[in-house]
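Please open the model in your viewer and keep the sequence panel visible. The tour below proceeds by selection, from one site to the next.

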Amino acid sequence: MLKHRINTLLVMSAVSGMVWAEAPAQQQLTPASQHEVTQAPASHFSGQANFSRFPVMPSQGDVAPAIVNFERGTISNWHTHPHGQYLIVTEGEGRTQEWGKATQTIRKGDTIWCPPNVKHWHGASEHSSMSHIAITPVATDGQSVTWLEKVALPTEAKVSAQANSSTPVVLSQKQLSLIPIAAFNATGDLEQLKPALIQGLENGLTVNEIKEVFAHQYAYAGFPRALNGMLTFKSLLEEREKQGIKDIPGAMPTNLPENTNYYQLGSETLAYLNKTPLAERSQPLFDNFSPTIDHALKAHLFGYLFSRDNLAYLERELVVVSTLAALGDVNAQLTSHLRITRNLGVDKTQMQKIITTLEKDVDPAVSRNAQNVLQQLK
């Protein structure tokens, strides 16, 4: 009962808080973090309660509230509201875009005021459902919305903003620096790993990108190797700091919403990387012989790890190819990941750069085996 009263208070607060002197000519998005939280007076409540006064929706008459629930990936058409509309996101993560402007992410607690006749769309994100309360002024003519054309989203839209595979790839020294780091750590050669890490930093790899290498690598080389690599890197950074060397921290990954369906996301990522239909990648592995492996592969590896966008798909595949090549005796898996690397736009010339780097910076024997696998790739 108390929860119901508090929710009622929150909705009522939406029409009694801060007032704008003039309605803005564009959408006004107020993140949840900017709403001032006030403790409710103890004299009127039996326990702890608080409320946030949301920005006021300009209106000269009655308003009609509604709750709208969007399934994952569902968005509206472009549309306008003759008298404007006020949205309060109550669950999940969504997207909104005003005509001619960039798409914005909206999350639980955010509010949006869309002024009259501003063309826009909104809906759920690619990987999360979204619900919002919509408060719309009541129109005397009954016309509260004008529906327009469908939204033309990019066909390969990804939360992680991965590069389109049709874009020609030219591997940089920074990217090639990932190869010896992954290879030496996969075999536990920490003595060789240290200079490889130094070279990677000098070639432009950031601290967080290298951390992500070890986080991703554990799925292929195991936790002991990944932890040893991380500890070696941590020790190296401490040495360099004492020497007055300031390494670039780099970006942190984007946090997806808590209700992200990582199993579904992993299935989609597998389909994208392998250029196969989603239905094919949604089937359980081994005819459901091992649901545990199926879940670990799709939900954790290709779902969660691949969603961490401070290391792109191509860089992750360079790490995997180098790891598998260095481990040896896993040519079936090496074949699969060389194919994925090719699917990400790496042509024969650039593939040869990978082989050459393995030969020059890691081990000629490792390079020869990788070359043989590559030559058999269909």
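A polar contact here is a pair of N or O atoms within 3.5 Å; within protein, one must be able to donate a hydrogen and the other to accept it, and residues adjacent in sequence count only if both atoms are side-chain atoms. The model is a predicted one: local features need pLDDT of at least 70, side-chain atom pairs count only at pLDDT 80 or more, and totals for chains, interfaces and linings use all residues. Residues are numbered from 1 along each chain as its sequence is written, and side-chain values use heavy atoms, with hydrogens and water left out.

**First stop: Glu-93**

Select Glu-93 and Arg-107, whose side chains make a polar contact of 3.2 Å. Glu-93 belongs to strand E6, residues 85-98; strands (E, at least two residues) and helices (H or I, at least four) are DSSP runs numbered from the N terminus. Is Glu-93 buried or exposed? Its relative accessible area is 3%, so Glu-93 is buried; buried means under 20% relative accessible area, exposed over 50%, and partly exposed in between (1.4 Å probe, protein chains only).

Now display the contacts of Glu-93, where contact means heavy atoms within 4.5 Å. Not counting residues up to four places away in sequence, Glu-93 touches ten residues' worth of selection targets, including Thr-105, Ser-128, Asn-255 and Pro-257.

Add Arg-95, which forms a salt bridge with Glu-93, the closest N and O atoms being 3.1 Å apart. A salt bridge is a side-chain nitrogen of Lys or Arg within 4 Å of a carboxyl oxygen of Asp or Glu. Both Glu-93 and Arg-95 are buried.

**Second stop: Glu-212**

Select Glu-212 with Arg-308; their side chains meet in a salt bridge of 2.5 Å, N to O. Glu-212 lies in helix H5 and Arg-308 in the loop between helix H9 (291-307) and H10, so this pair ties together parts that are 96 residues apart in sequence. Glu-212 counts as buried, at 3% relative accessibility.

Next add Arg-316, whose side chain meets that of Glu-212 in a salt bridge of 3.1 Å, N to O. This pair also links distant parts of the chain, with Arg-316 in helix H10 and Glu-212 in helix H5, 104 residues apart. Arg-316 has a relative accessible area of 0% and is therefore buried. The structure holds 13 salt bridges.

**Third stop: helix H6**

Select residues 223-242, the 20 residues of helix H6. The buried residues of H6 are Ala-226, Gly-229, Thr-232, Phe-233, Leu-236, Leu-237 and Arg-240. Viewed down the axis of H6, these buried residues fall within an arc of 140 degrees, so they line one face of the helix; the arc is that of the directions from the helix axis to the C-beta atoms. They pack against helix H3 (178-186), helix H4 (190-202) and helix H5 (207-221). On the other side of H6, Pro-224, Leu-231, Glu-241 and Lys-242 are exposed. Just after H6, Gly-244 takes a positive phi of about 85 degrees.

**Last stop: the nonpolar core**

A nonpolar core is a set of buried Ala, Val, Leu, Ile, Met, Phe, Trp, Tyr and Cys residues joined through side-chain atoms within 4.5 Å. Among the 51 residues of the largest one, those touching the most other members include Phe-214, Phe-233 and Leu-338. Helix H10 (residues 313-327) gives the most to this core, with 8 residues.

Key:
The expected span of a helix is 1.5 Å times one less than its number of residues.
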